[in-house]
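Biologist: Please show me the model. Then I will ask how each label is earned.

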Amino acid sequence: MSIQPAPDRVTPPSSVSPVGIIAPNALTPDTFLGREVTPLTRRRIENFRANRRAFWSLWIFLVLFVLSLFAEFIANNRPLLIRYDGSFYLPILHNYSERTFGGFLPSEADYSDPEVIKLIREKGWIVWPVIPYSYGTISSAPGPYPAPPSAADWLGTDDQGRDVLARLIYGFRISVLFGLALTIASSLIGGAAGAVQGFFGGYVDLGMQRFIEIWSGLPVLYLLIILATFVQPDFWWLLGLMLLFSWTSLVDVVRAEFLRARNLDFVRAARALGVGDGMIMVRHVLPNAMVATITFMPFLLNGSITTLTSLDFLGFGLPPGSPSLGELLAQGKDNLQAPWLGITAFITLSVMLSLLTFVGEGVRDAFDPRKVAR
Amino acid sequence: MSLLEVRNLGVTFAGWRNAPPVHAVKRVSFNLEKGETLALVGESGSGKSVTALSVLQLLPYPSASHDPGSSIKFAGEELIGAPQSRLREVRGNHIGIIFQEPMTSLNPLHTLEKQITETLFIHRHMTQSAARRRTIELLHLVGLRDAENRLQSYPHQLSGGQRQRVMIAMAIANEPDVLIADEPTTALDVTIQAQILELMHDLRDRLGMALLLITHDLGIVRRLADRVCVMTQGEIVESGPGEEIFTHPHHAYTRHLLAAEPKGRAVPADPSAPALVEGDKLKVWFPIRGGFFRRVRSYVKAVDSVSLTVQRGQTLGIVGESGSGKTTLGLALLRLTASEGGIRFDGREIATTPQKQLRPLRREMQVVFQDPYASLSPRLSIEQIISEGLQVHRLAGDDKERRRMIDAALTEVGLDPGAAQRYPHEFSGGQRQRVAIARALVLKPRFLVLDEPTSALDMSVQAQIVDLLRELQTRHGLTYLFISHDLKVIRALAHQVLVMKDGEIVESGTTETVMTAPTHPYTKALMAAAFDLVAADASPA
């Protein structure tokens with residue numbers, strides 16, 4: 001039943017005649033970000049753009065993320081630029097000893113020391129970052145800590161006197177980076193496992209499915225707590241540990257796509273051409289499974305960020321002193337008399353997770369072939 | 001005043017985002033009288049289904065809209081713009097509809113009783129027991145055997161033909177004045193198609209309904225329709241009594257449509273040519289497992305002890321209805337599905353050769369699948385699709401040579417080489433099938449399995465593909481195994497014919513003998529159903 005000819009912005013169906021006469025203008029390839037894209041991809045991009053909420057969420061998130069990548073230039077206890085005695089110095093990128101600026105100590109210059117600043121100011125000037133604290137710097141604000149928001153500490157300090165805004169910027173960055181790393185790694189492993197299961201089926205599939213069932217039955221949190229007593233987890237340790245258990249989340253989706261696609265006609269046709277299994281998987285089946293994977297990814301990213309935050313909150317996450325949103329939350333819980341801690345962490349987390357969820361919804365809808373843009 | 005009057009009907013679909021709107025139907029007018037059969041004929045995309053749905057006001061409004069001046073009058077009452085409550089009374093009660101696909105038109109979670117009684121409750125306010133009696137009566141009327149015991153069946157327990165009978169029972173439950181049948185038999189096998197057509201004809205006479213028949217099949221029109229409207233690109237280009245349209249077509253498109261049936265005969269071939277492909281007692285059995293230990297209980301014998309010989313440069317046609325095992329047989333010969341028995345290709349035994357060693361042979365035996373929408377990977381350009389085989393078999397020395405071979409293959413199947421950079425979805429069904437043939441041809445194979453290559457295509461495109469295949473056979477001396485349920489296409493291409501039923505060969509011989517003097521009763525029934533649209537024996541599906 002043909003109700004509506006598939007609406008396609010790029011090539012109106014009327015340009016397709018029964019026997020190959022091709023409109024010449026259709027031969028110039030369509031590009032996006034310098035890469036050639038298929039009209040299908042173009043349609044998805046348009047679909048995503050049409051979803052205003054997702055589109056703006058993506059931009060806001062990207063701006064925040066890119067800004068946080070340059071956290072050292074925004075929040076640092078070292079100056080951005082020093083002009084001293086006719087030459088320029090970049091303390092963010094290089095270490096200079098106090099002697100460089102006419103001091104006495106051979107050790108590295110401490111730029112929070114009023115003496116050092118005075119020395120430099122005599123023969124030049126200093127450009128500070130917007131926030132003159134790094135995540136571990138003790139604020140100059142007078143105690144008792146946690147100190148409330150002030151002109152110096154815009155979001156106040158935590159219970160060890162460190163600037164909350166500086167820690168927030170670094171914490172945001174580490175959360176997103178951790179989430180991205182975990183998502184990409186588990187997509188790769190899970191995708192490969194799902195592909196093998198779905199494509200070969202039979203006993204391979206059966207065996208791996210049972211293994212995954214047992215594996216995902218393990219109590220992850222307890223294992224992490226036990227492991228945390230043996231090793232002091234750092235970023236990579238945590239990433240590895242989490243990866244052990246998070247790769248299973250994509251397996252089912254990819255497996256289902258491969259199970260479906262391995263009997264499609266074009267896969268059979270490739271087999272009839274004599275194409276090998278690996279090539280068929282990568283070239284013919286994987287692109288079909290990508291839709292499901294990409295749709296899933298923003299939600300995986302959300303889950304990864306939440307996991308890291310909750311581990312930090314419980315105190316089994318990143319080593320003490322690291323900037324982290326979970327730790328900030330825990331401080332907020334411990335210091336109810338200092339609401340700026342809890343409120344800051346809450347707002348940051350909810351905004352970040354909401355933005356990612358909106359993006360995820362937009363991506364999901366853009367890839368949905370049944371959905372027509374409004 | 002006619003029962004149904006359609007005047008200047010226009011349907012416009014709003015374009016997607018900035019795309020221009022699509023005028024699917026333009027100024028269509030026709031009348032339908034009581035007890036009359038009117039056929040709307042046209043190829044896919046001609047606007048027939050949209051016209052039918054407009055009558056019931058079932059289009060996706062507001063993205064679809066009727067042009068000003070459109071009018072659909074049922075018994076003098078205007079339906080366009082009528083309130084929803086009134087439309088609901090008309091739908092199902094006065095105008096019934098049968099859809100094309102019996103597999104998806106029934107709710108899989110409802111029993112037959114629930115499906116059919118629903119409309120009786122809504123429009124007739126019947127009691128439970130009265131509705132049940134009426135349902136049984138209806139199922140008898142549409143010829144579903146053993147109706148009393150079928151009431152609690154679910155759609156998946158019925159065959160395609162039985163489902164279509166249930167659909168008809170639902171449509172006529174309230175004795176509508178008009179029955180719209182939208183390609184009612186396209187999804188069915190030929191023998192069942194003949195039975196369903198007979199049933200509809202019979203019901204029309206018995207209930208005095210008007211029948212609006214929408215179809216692309218001229219055979220059906222010729223047999224059933226009193227009057228015919230020929231549609232193309234949203235317009236009715238010719239209308240008149242059935243006889244007249246067939247004997248004196250005026251419009252060029254009608255003549256084109258009438259001339260479009262696959263014609264001609266297979267190119268003459270040497271009957272003593274040596275065998276290229278031989279199958280010896282081929283068996284493909286799928287095990288049915290059951291019980292706690294999943295032991296093999298029995299087998300589905302998809303192909304059972306089939307022996308065949310395809311002679312070099314000739315075409316062997318395999319005929320059979322869906323489920324007869326013809327596709328499986330083709331796949332087994334190419335070693336694309338596991339089988340038992342002997343397969344010889346050019347004198348070489350290949351039934352047990354490991355897949356890896358088979359790979360060089362893949363170049364010489366190729367396959368073209370039924371559905372050109374499914375057999376081309378949607379994410380690869382035409383060039384990538386065609387060059388894949390060249391890469392696997394390292395046939396092209398460099399990029400330039402590869403490009404040249406692809407261009408040659410595209411030209412050979414009648415496509416513009418400039419199309420190589422485009423993607424499958426930009427092509428029509430017939431063009432895609434040409435691409436699929438080019439993908440096989442570029443390897444210069446000797447043996448080509450054609451698995452229903454024309455059945456997903458419009459009639460006139462079918463004829464073009466058949467002509468193309470015949471031409472390629474003469475030019476390259478190709479050997480075909482042609483699988484089809486369509487006997488007209490087989491007659492136009494095949495030298496030898498095998499008739500399959502339930503995995504076995506029931507008849508074989510030269511095309512002439514099998515077509516003109518069939519001996520097996522099944523073959524006779526098949527021929528009658530296909531060429532004369534007559535149900536050979538009265539046993540319902």
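**Labels and their cut-offs**

Biologist: Which way do the residues of strand 17 of chain B point, and are they buried or exposed?

Modeller: In strand 17 (residues 365-368), B:M365 and B:V367 point one way, while B:Q366 and B:V368 point the other. All of these are buried. That label needs 20 or more other C-beta atoms within 10 Å of the residue's own; exposed means 12 or fewer, partly exposed lies in between, and C-beta atoms are placed from the backbone. In a regular strand, side chains alternate between the two faces of the sheet.

Biologist: What should I know about the model itself?

Modeller: It is predicted, so local features need pLDDT of at least 70 and side-chain atom pairs pLDDT 80 or more, while totals for chains, interfaces and linings use all residues. Residues are numbered from 1 along each chain as its sequence is written, and chains are lettered from A and ligands numbered from 1 in the order in which they are written.

Biologist: How many helices and strands does chain B have?

Modeller: Chain B has 19 helices and 21 strands. Both are DSSP runs, numbered from the N terminus: helices are H or I with at least four residues, strands are E with at least two.

Biologist: What makes strands 17 and 18 of chain B a pair?

Modeller: Pairing needs at least two bridges found by DSSP. Strand 17 and strand 18 (residues 447-451) have four, in the parallel sense. So they pass. B:V368 has B:L450 as its bridge partner in strand 18.

Biologist: How do you know that chain B agrees with a compact globule?

Modeller: The rule is 2.2 Å times the number of residues to the power 0.38, and the radius of gyration is taken over C-alpha atoms. For 541 residues that gives a value near 24 Å; chain B has 26 Å, which agrees. Buried residues are 48% of the chain.

Biologist: Which residues have the most contacts inside the largest nonpolar core?

Modeller: They are B:A169, B:V178, B:L212, B:A438 and B:L481, in a core of 217 residues. A nonpolar core is a set of buried Ala, Val, Leu, Ile, Met, Phe, Trp, Tyr and Cys residues joined through C-beta atoms within 7 Å. Apart from it lies another core, of six residues, including A:Y89 and A:F101.

Biologist: Why does B:E175 count as partly exposed?

Modeller: B:E175 has 14 C-beta neighbours inside 10 Å, so it falls between the two cut-offs. B:E175 sits in the loop between helix 6 (160-171) and strand 8 (178-182) of chain B. Its phi is positive, about 45°, although it is not a glycine. Most residues other than glycine have a negative phi.

Biologist: And why does B:Q233 count as partly exposed?

Modeller: With 16 C-beta neighbours inside 10 Å, B:Q233 also lies in between. B:Q233 is in the loop between strand 10 (227-232) and strand 11 (235-241) of chain B, and its phi is near 45°.

Biologist: Why does helix 6 of chain A lie largely in the open?

Modeller: Of its 16 residues, the number buried is zero, so helix 6 of chain A lies largely in the open.

Biologist: What makes strands 13 and 16 of chain B edge strands?

Modeller: The open sheet runs 13-12-15-16, with antiparallel pairing. Strand 13 (295-311) and strand 16 (348-349) each have a single partner strand, so one side of each is left without a neighbour in the sheet. Strand 15 (residues 340-345) and strand 16 pair over two bridges.
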